[in-house]
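Reader: Could you take me through this one and tell me how each label was earned?
Author: Sure, here it is, and then fire away.

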Amino acid sequence: MNDDGISGPKAYFPGPRSENESWVRSEFQAIVDDWFDWRRSTLPGDPPAIGAEERLTPGFLVERERTAQALAELMALLRRETPTYSPRYAGHMVSELSLPALFGHFTALLHNPNNTSREVSKVGTVIEAEAIAMLAEMVGFDPAAARGHFTSGGTMANFEGVWRARYRLDHWLALALWIAENTGEQLDLFAAAHMGWARFAELASRHEPPAGDLRRASAVAGNPADVFRRIGAASGRDYSGPVVLVPGNKHFSWHKAANVFGLGEEAFWSVGLDAEGRLDVADLEGRLEDAAAAERPVLAVVSVAGTTETGEIDPVDRVCDLLERLQAERGWRIWHHVDAAYGGFLCTIPGGPHEAVLSPRVRKALKAVGRADSVTIDPHKLGYTPYACGTFLARDADRYTVSVFDAPYLERPHLAQDLWSATLEGSRPASGAAAMWLTGRTIGFRPDRFGAILAGTVRAGQTFQEAVRATLPELRFLEPADSNIACFSLASDGEPLSSANRRTAALYDAMREDGAFHLSMTTLRRPGQSAQIAAHAARYSLDDDDDRLVLMRGVFMNPYWSSASVSECLIPEFVAALGRGIETVSSR
């Protein structure tokens, strides 16, 4: 490996056959040695709490043995766990752990800082800030301006985006409502809810509303039923609350958000998908017009970079173009959140020597992520980091600002050093931040470093598809594949879709029984994914007689797939296993 490139993942992963065992053992021993030395050398004048003689008493030894036996039982149980580290596992978005992430996680785990406050995490919080800057730069944010924090996963990070988008919309609308009620002017609801902070500051300076009055005009800080009634009276139209525009390929966390934030599922308006399963920008524009006509402020627009089902990348660049045009033409400042829980690390590929593995359309979409207001990334997916580790990123301090419960309503704090009041979660470990910090300091998030590893996984998925097409023509791939996920159905020309769905599900069962490789199964459903289902049926001349499309799903995120020895050996075996599965299905 040279300083200006990476020859593969071999130095950064344990190896599926424990190839890096001796080095990993030595590093773990060094971590444990340093931890014990830290405890021994800190406050050396304090008395020991566990005496040498006490450690030799029968009772003490019995308790040690009890722990040793229980630990041995746990280790024996976990030897039966799913071997997700193996390239033979391609079922879900979980894979091998990188050594920098594993070492960083383990080191921070031993020290156990709580990133809720610098008083208990004076180092962990600094590591978190530095790791956030690395990830912010990776997605295209200015690392000096961006803000963010680590979460327990993508669901919580998506919630953080909704929380902040709601904060600013609520402030803008509360001020406009107070002004309308105190001047007698009719409230222009949609314009007010998207006015922007500059207009907010100008109006607040001119009218000087009391903070207490603004709190009472807030649907978040005050009584929402009363505020909705007042907004209706001031605007001359009943107010039904804001909406969130989410594509039909959305993650289940958005349904949870509707429940948790009390918006109601009706408030989550689905944006149509095109024939390739991505957000339809024309439909998004229509939904925005519908919201304006209905006087329903848009709390946020969501696009997805790496759908959980099939790995598609929404046209983030075109969504940004649309929202920026509407801001320039109509003054609408609408929050754009990119759910890149899976695909965020793919931002390391464009602009580098391996970018050709991605289509030009996907590269443009990934390069535009930095134009969004906020982003979700899951390092425990394509960051090869231990669970549970998610990340919420905001473009700048203004966008990171959220309610501070003991502050006046007008105050918009740009964050103290302690984040407890600015995160939905209270106590937060430093282990995920340390894992990403060490990953950034070693592998690095450049196109020729981390991007090279991920490009290898995308290429492996493409190689798999080529091998299957050449040998098993009855396996029909969902096209195009935007990332390292390959989905396919078992179908013959002219076969009814309902029959193909049954045979695909049977193939999945046969592969599970065979056990040589692990895949998963997913289902696309109408009406949300109608165009994509119809396109797949037409591409392979299927009789489109069903309201769903059953697919087998291979997630080729394992870093070892980029090794020629692994790919050359296992892809033919994978194809052979699928062939055995097809024979089993045909014989039933």
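**Labels and the reasons behind them**

Author: Let's start with a helix pair in this predicted model: from H16, Ala 460, Thr 463, Phe 464, Ala 467, Val 468 and Thr 471 touch Ser 567, Ile 571, Phe 574, Val 575 and Leu 578 of H19. By type, that contact has 8 nonpolar residues, 3 polar ones and no charged ones.

Reader: Why are H16 and H19 called oblique to each other?
Author: Their axes, for residues 450-471 and 564-587, come within 10 Å and cross at roughly 45°. Roughly parallel needs an angle under 35 degrees, and roughly perpendicular runs from 65 to 115. The crossing at roughly 45° fits neither, so H16 and H19 count as oblique.

Reader: And what is the hand of the crossing where H16 passes H19?
Author: Right-handed. A crossing gets that name if the near helix is turned clockwise from the far one by less than a right angle.

Reader: On to the holes. What makes the space lined by Glu 276, Thr 310 and Glu 312, among others, a cavity?
Author: A 1.4 Å probe fits in a cavity but cannot get out, whereas a pocket is open. This one is the largest cavity, at about 70 Å³. Its lining also includes Leu 478, Glu 479, Pro 480, Ala 481, Asp 482 and Gln 532. Strand S9 (residues 485-490) gives the largest share of that lining, 3 residues. Sorted by type, the lining has 6 nonpolar, 2 polar and 4 charged residues.

Reader: How many cavities of 30 Å³ or more are there?
Author: The count is 2. The second largest has a volume of about 30 Å³. Among the residues around it are Ala 165, Arg 168, Leu 169, Trp 172, His 194 and Trp 335. H5 (154-183) and strand S4 (298-304) each give at least two lining residues, with H5 making the largest contribution, 4 residues. That lining splits into 8 nonpolar, 1 polar and 2 charged.

Reader: What about the largest pocket: how much space lies in it, and which residues are nearest its centre?
Author: About 1,200 Å³. Of its 31 lining residues, Leu 78, Arg 79, Glu 81, Tyr 85 and Glu 96 lie nearest the centre. Helices H1 (21-41), H2 (58-78) and H3 (99-111) each supply at least two residues of the lining.

Reader: How do the lining residues of that pocket divide by type?
Author: There are 17 nonpolar, 8 polar and 6 charged. Arg 79, Glu 81 and Glu 96 belong with the charged ones, since Arg and Glu count as charged.

Reader: Now the backbone. What is omega at the cis bond between Tyr 387 and Ala 388?
Author: About -10°. Ala 388 sits in the loop between strand S6 (374-377) and strand S7 (390-394).

Reader: Which other residues does a cis peptide bond join, and where are they?
Author: Arg 526 and Pro 527, with omega near 5°. Pro 527 is found in the loop between strand S10 (520-525) and helix H18 (530-539).

Reader: Last one: what makes Asn 112 worth listing?
Author: Its phi is near 55°, a positive value in a residue other than glycine. Asn 112 belongs to the loop between H3 and helix H4 (124-139).

Terms used: Residues numbered from 1 in each chain as written. Predicted model: local features only at pLDDT ≥ 70, side-chain atom pairs only at ≥ 80, totals over all residues. Heavy atoms only, no water. Axes fitted to C-alpha atoms, helices over the stretch in contact; angles between N-to-C directions. Contact = heavy atoms within 4.5 Å. 1 Å grid on protein atoms, 1.4 Å probe; cavity = no way out; pocket = protein on both sides within 12 Å on 5 of 7 lines; lining within 4 Å. Points joined across faces, edges and corners; volume = space filled by probe spheres on them.
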